[in-house]
Structure formats: C-alpha cells, structure tokens
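The following report concerns the strand pairing, nonpolar cores and one pocket of a single protein chain. The sequence and structure come first.

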Amino acid sequence: MRIIRAADCKVMPWKNGGGTTTEIAVSPEGAPLSQFDWRISMAHVGADGPFSSFPGIDRTLSVLTGNGIRLAFGDGETVSLDRTTAPFFFAADRAVDGVLVDGAIDDLNVMSRRGAWSHSVERLTGGAHEIAAERGLLVLVARRGDWLVNGTTLAAGDSAVLEAPITAKLATGDGGELFAIRLQPV
C-alpha cells in the first residue's frame with residue numbers, strides 16, 4: 001500500500017485556466033493533462049463557468065464541500081449534485097457548464113482514458129466496511145476522520161493506493177467519509 005499525504009499533492013491550474021486543482025494521483029506518474037491514463041484530483045470551484053474538455057476521457061464528479069453544483073450540458077441535460085448525491089459519471093468531452101447552487105464548492109474528480117481504463121467511485125461513511133478490487137487498483141481518498149485501512153492509519157486528506165487483487169478492511173468513527181475508487185485496465 002502506498003500512502004499519499006495531502007501535503008505532498010501537487011496544485012496546478014485547470015486545463016481551461018479557470019481555477020486550480022490538487023492532483024492526488026496520475027498514471028503514468030508526471031503525465032501531462034493530454035496524456036494521462038487515469039487521474040484523481042480535487043478542485044475548488046468558486047464561480048460559474050465551463051468545465052475543461054478532455055477528449056476521450058470519462059469522468060466522475062463528487063461534491064466534497066459546499067451547497068452543490070448544477071451541471072448544464074450542451075445537449076440540454078441538467079444534473080444537480082450536492083454532498084448527498086452519488087458520484088456522477090459522464091463523458092469529459094461533453095460540453096458542460098457548472099452553475100453553483102449557493103457559493104463555492106470543492107469536488108473530487110476521477111478521470112480515465114476511455115478504451116484503455118475504466119473506473120468507479122463509491123462514497124463510504126462511518127463505521128466498518130470491507131471493499132474488494134479484483135483487478136487494477138483500489139484508491140482510497142479519506143475526506144473526514146481518520147480511517148484504519150488493513151491496520152494502517154489513513155488521516156483525513158490522505159489517500160492510499162492498493163494493488164489488486166485486494167480486500168481492504170476499513171474502519172472509522174461515525175463522522176468519517178472516504179471515497180473508494182476502483183481503476184481497471186480495459
């Protein structure tokens with residue numbers, strides 16, 4: 001298991017220049033935005049505006065803090081996301097504007113190159129959990145509370161990368177929140 005401390009994550013500008021993102025992990029390591037296989041990051045969204053387009057990429061967005069965001073897609077579809085909604089999967093090359101519900105948000109972005117990698121994102125809260133990954137990687141992003149991951153403490157803000165096949169035994173207090181991300185080569 002590789003632990004990624006929050007303090008070691010790289011802060012960089014958005015692809016469209018509209019803000020900044022904190023990169024948690026990317027493959028291959030150090031890959032630029034045009035050449036990654038998969039990428040996990042957190043962004044602070046302080047104003048309404050267009051999302052960066054990532055041709056050939058699938059994306060899952062989860063709201064971490066704030067009152068939510070409405071995604072207004074170019075084809076007319078709209079989706080409202082907040083801290084209680086499930087992570088939302090969509091093609092990152094669809095035209096989409098983000099409209100903040102009531103103030104700034106922070107979000108978690110998971111992206112994978114379509115046809116090469118696939119991903120899924122699950123939000124876990126409080127108590128004990130067991131989560132398995134048969135192939136690829138399992139990435140755990142701790143949002144609130146300290147988590148015990150197979151006997152190792154993962155502090156809030158930190159992440160862990162585990163190689164599959166793996167079954168992770170997780171435990172935290174009632175207020176804990178963690179995102180479990182499965183990444184698989186296609």
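Strands E5, E10, E7 and E8 form an open sheet of four strands, in that order and with antiparallel pairing; two strands pair if DSSP finds at least two bridges between them. Strands (E, at least two residues) are DSSP runs numbered from the N terminus. The model is predicted: local features need pLDDT of at least 70, side-chain atom pairs count only at pLDDT 80 or more, and totals for chains, interfaces and linings use all residues. Residues are numbered from 1 along each chain as its sequence is written, and side-chain values use heavy atoms, with hydrogens and water left out.

Strand E5 (49-50) and strand E8 (78-81) are the edges of this four-stranded sheet; each has a single partner strand, so one side of each is left without a neighbour in the sheet. Strand E7 (residues 69-73) runs antiparallel to E8 and is joined to it by four bridges. Within this pair, leucine 71 stands opposite valine 79 of E8.

Another open sheet has six strands, in the order E2-E3-E4-E11-E6-E9, and its pairing is also antiparallel. Its edges are strand E2 (10-13) and strand E9 (88-91), each with a single partner strand, so one side of each is left without a neighbour in the sheet. From one strand to the next, the twist averages 30 degrees (axes are lines fitted to C-alpha atoms, and angles run from 0 to 180 degrees between N-to-C directions). Eight bridges connect the antiparallel strands E4 and E11, and methionine 42 has leucine 108 in E11 as its bridge partner.

In soluble globular proteins, nonpolar side chains tend to be buried together. A nonpolar core is here a set of buried Ala, Val, Leu, Ile, Met, Phe, Trp, Tyr and Cys residues joined through side-chain atoms within 4.5 Å. Buried means under 20% relative accessible area, exposed over 50%, and partly exposed in between (1.4 Å probe, protein chains only). The largest such core has 19 residues, of which Ile24, Ile40, Leu108, Ile181 and Leu183 touch the most other members. Two or more residues each are contributed to this core by strands including E3 (20-27), E4 (38-45), E11 (105-113) and E17 (166-185). Apart from it lies another core, of 16 residues, among them Trp14, Leu71, Val79 and Leu100.

Contacts (heavy atoms within 4.5 Å) of isoleucine 181, not counting residues up to four places away in sequence, include Ile40, Leu108, Val110 and Val121.

Two alanines in strands are set out below.

| Residue | Strand | Relative accessibility | C-alpha separation |
|---|---|---|---|
| Alanine 25 | E3 | 6%, buried | 19 Å to threonine 152 |
| Alanine 132 | E12 | 28%, partly exposed | 7.5 Å to proline 165 |

Leaving aside neighbours within four places in sequence, alanine 25 is in contact with Ile4, Trp38, Arg39 and Ile40. On the same basis, alanine 132 is in contact with Ile166, Thr167 and Arg182.

The second largest pocket has a volume of about 240 Å³. Its lining includes Arg2, Ile4, Glu23, Ile24, Ala25, Val26 and Trp38. E3 gives the most to this lining, with four residues. A pocket is an open set of points on a 1 Å grid over the protein atoms alone, where a 1.4 Å probe fits, with protein on both sides within 12 Å along at least five of seven lines; lining residues have an atom within 4 Å of a point. The volume is the space filled by probe spheres set on the points.
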